[in-house]
Amino acid sequence: MSNVQLTAGICLRLVDSSENYDEVLNSKPTMQILSVKKVSSPGGLNQVDRYRIIVSDGEHFLQAMLATQLNNLVDEGHVGKYSIIRVDKFTCNLVQERRLLIVLDMQILVKNHEKIGKPDNAQPTPGDGASSAQQTPAPHSAATPAPVPSTSTISTSAPQQQHQQQQGQSNRAGLNRQNIFPIEGLSPYQNNWTIKARVTNKSDVRTWSNQRGEGKLFNVTLMDETGEIRGTAFNNAVDELYDKLEEGKVYYISKAKVQLAKKQFTTVSNEYELGFERHTEVEECRDTQSLPTIRYNFVPLSGLQDLVKDAICDVIGVVKEVGELGSINSKFGKTVTKRELTLVDKSNFSVRLTLWGKQAEQYSEMNEPVVAFKGVKVGDFGGRSLSMFSSSMMTINPDIPEAHALRGWYDAGGNQASFQAHSNSFSGAAGGALSGFNRSEMKSLQEVNDMLSNTTTDLSEKPVYFSARATIMHIKQENVAYPACPTCNKKVFEQHDGWRCEKCERSYEKPEYRYIITMAVADHTQQAWFQGFNEAGEVIFHRPANKLMEIKFEDETKFGKVMEETIGQQFNFTCRVKQETYNEATKLRYGVQKVLPLNYVEELWGSELARTPICTSVLLLLCLIECFGDVL
DNA sequence: CCCCCCCC
């Protein structure tokens with residue numbers, strides 16, 4: 001421990017204007033961390049926590065930030081207060097006229113060490129010695145020139161001019177390639193920067209038309225090793241830049257406007273975004289060696305439950321199931337194709353992720369690949385779900401350590417694991433099978449009524465879902481099933497040559513009966529009319545509709561008996577309530593999404609009664625009997 | 001200056 005040697009003097013060299021910056025950059029100094037403090041970004045759902053650290057060389061100390069890709073070193077306890085580190089890679093820039101070191105890569109030499117020396121602040125704030133300048137951003141009026149950024153030089157303002165003259169000589173034409181700024185250091189307070197960034201995503205050109213006017217635009221996501229930022233070009237700038245900026249390529253970009261990103265719209269992890277303007281300079285960079293293709297901040301699938309709905313996150317998982325291509329009709333009558341993937345990971349959780357449009361149509365990986373997703377949206381369907389944005393990134397079998405680890409784990413037996421689906425219900429394992437049914441969110445019919453009358457949601461626009469346990473009181477006997485087209489399920493009509501489907505424009509010898517059920521249900525608080533279709537009917541009647549209709553045609557009395565047997569049966573229903581209009585009258589329609597027979601062990605588990613010790617014991621016993629009944 | 005990103 002005692003043989004650790006800090007790189008004395010490095011802090012002063014970092015703030016010394018006359019230093020050779022390249023030498024300082026490459027010196028890989030050994031330093032001690034004096035403090036680690038989490039800094040949470042204000043607002044926004046996609047903001048990643050950051051760590052501010054203070055580093056010391058034993059004589060002086062400096063403020064620094066950890067690049068977010070190093071967050072896990074702190075989160076997992078590998079590094080902390082008084083750790084000795086070797087800074088292998090960093091960048092330094094001016095923020096509020098103070099230098100801020102961003103540590104991009106480091107080695108931990110000693111995790112725990114006593115404090116070395118009595119270091120002083122290498123960069124005391126003029127005036128009071130506190131860090132007020134940093135905490136109170138001065139408004140930059142015209143009278144207060146913004147500080148000149150500096151990453152490749154650590155000169156202060158006077159030598160800066162000298163430095164820029166030197167650069168002018170080496171790079172007369174084109175952009176100032178020496179003065180590369182980290183994306184993470186960009187802010188509206190800086191000008192004269194150049195970033196070197198990869199386009200990781202480029203949107204199509206979109207047009208808009210509203211009361212404020214019309215126009216066109218496109219977005220890109222730009223990334224370097226410190227962070228990412230969204231750039232937007234409007235109108236003329238679209239013509240100028242759309243073809244120039246290609247997805248996957250790296251560019252020098254300067255003279256764009258840095259502005260606050262509106263947090264309700266951002267899907268990219270940055271407080272700011274870039275507005276491309278007429279004078280914005282974009283030049284392709286062919287040396288792409290030093291830039292990673294993508295930077296992730298993975299959340300384990302088990303951790304999705306800690307994220308709020310609509311949060312944006314990165315995940316990596318093995319695609320265990322690939323759903324069929326389907327389509328949905330969105331609110332505005334748009335039809336969109338979709339495909340659901342089921343991801344699993346080492347946390348033994350699974351989650352469904354929806355691909356849209358082209359990505360859904362073109363997905364064809366059938367060999368359970370590892371797939372990394374960046375910037376996907378967290379939903380709460382069935383507990384937790386994920387959905388792609390157009391700005392999200394999907395990378396199949398990425399060449400990154402996390403992917404290799406996951407592959408190894410999966411192939412070495414992880415694929416045999418049973419995965420827990422996200423669910424709010426008490427019984428997580430059951431939650432997966434129930435898919436959307438949340439026992440802990442069960443409501444009485446009265447509570448459903450109250451919820452519906454108090455909701456601010458426009459029920460004609462957006463349906464509300466609920467689960468309730470109720471007993472069937474009555475089923476309308478007439479039209480309990482309809483003759484359906486075996487191909488498209490539409491109603492068919494009997495004609496001289498068989499059963500005619502108008503949609504498929506053909507006739508069938510026999511129809512396929514499908515249930516269409518209107519039933520009165522009740523619980524101890526209320527009654528309601530539910531409507532159910534084929535899946536619901538098969539559960540309620542314990543037989544396909546064809547069979548029930550067979551009985552009806554052969555023996556009316558027996559049919560009446562079957563109908564009667566359903567009365568008094570209790571089920572767990574999951575329903576979708578929507579406001580619909582018939583003949584200018586609006587009414588709420590309760591569509592049954594799912595019917596589940598009761599499972600008495602689980603019903604008890606979820607109840608208050610189960611909290612008593614005696615009941616817990618009995619329930620455990622019941623579970624054991626259920627599991628091992630055959631053996632006992 | 002956009003801001004849609006959907007459905008069960």
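This is a short talk on three parts of the structure: the surroundings of DNA strand B, a small sheet, and a pair of helices.

Okay, before anything else: what we're looking at is a predicted model.

Let's start with the DNA. How many residues surround DNA strand B? There are 29 of them, and the closest are R230, K338, K377, S390 and R576. If you look at the strand's own atoms that come within 4 Å of the protein, sugar and phosphate make up 35% of them.

Now let's zoom in on single contacts. Take R230, which is on that list of closest residues. An N or O atom in the R230 side chain sits 2.6 Å from a base nitrogen of DNA strand B. E273 also reaches a base nitrogen of the strand, with a polar side-chain atom 3.3 Å away from it. And what does K377 meet? For K377, the partner is a phosphate oxygen of DNA strand B, 2.7 Å from an N or O atom of the side chain.

Which elements give two or more residues to this surface? They are β9 (206-210), β11 (228-234), β17 (326-329), β18 (335-344) and β19 (349-356). As for the kinds of residues in the surface near DNA strand B, we have 10 nonpolar, nine polar and 10 charged.

Right, on to the small sheet. It's an open one, with three strands in the order β26-β27-β28, and the pairing is antiparallel. Where are its edges? At β26 (493-495) and β28 (506-508), since each of these pairs on one side only. On average, neighbouring strands here are turned by 45° against each other, if you ignore direction.

Looking at one pairing in there, β26 joins β27 (residues 498-501) through three bridges, in the antiparallel sense. If you want a spot to click on, try E494, which stands opposite W499 in β27.

Last stop, two helices: α12, residues 545-554, and α13, residues 556-566. Their axes are 5 Å apart, and the helices pack at an angle of about 135°. Why call that oblique? Because angles over 145 degrees count as roughly antiparallel and 65 to 115 as roughly perpendicular, and the angle here makes α12 oblique to α13.

So who touches whom? On the α12 side we have L548, I551, K552 and E554, and they meet E556, K558, F559 and V562 in α13. Sorted by class, this contact has four nonpolar and four charged residues, with no polar ones.

That's my tour, thanks for listening!

Technical notes:
Residues are numbered from 1 along each chain as its sequence is written. Chains are lettered from A and ligands numbered from 1 in the order in which they are written. This is a predicted model: local features need pLDDT of at least 70, side-chain atom pairs count only at pLDDT 80 or more; totals for chains, interfaces and linings use all residues. Side-chain values use heavy atoms; hydrogens and water are left out. Axes are lines fitted to C-alpha atoms, for helices over the stretch in contact, and angles run from 0 to 180 degrees between N-to-C directions. Helices (H or I, at least four residues) and strands (E, at least two) are DSSP runs, numbered from the N terminus. Angles under 35 degrees count as roughly parallel, over 145 as roughly antiparallel, 65 to 115 as roughly perpendicular and the rest as oblique. Contact means heavy atoms within 4.5 Å. Ala, Val, Leu, Ile, Met, Phe, Trp, Tyr, Cys and Pro count as nonpolar, Asp, Glu, Lys and Arg as charged, and the others, Gly among them, as polar. A residue is near a molecule or strand if one of its heavy atoms lies within 4 Å of it. A polar contact is a pair of N or O atoms within 3.5 Å; within protein, one must be able to donate a hydrogen and the other to accept it, and residues adjacent in sequence count only if both atoms are side-chain atoms. Two strands pair if DSSP finds at least two bridges between them.
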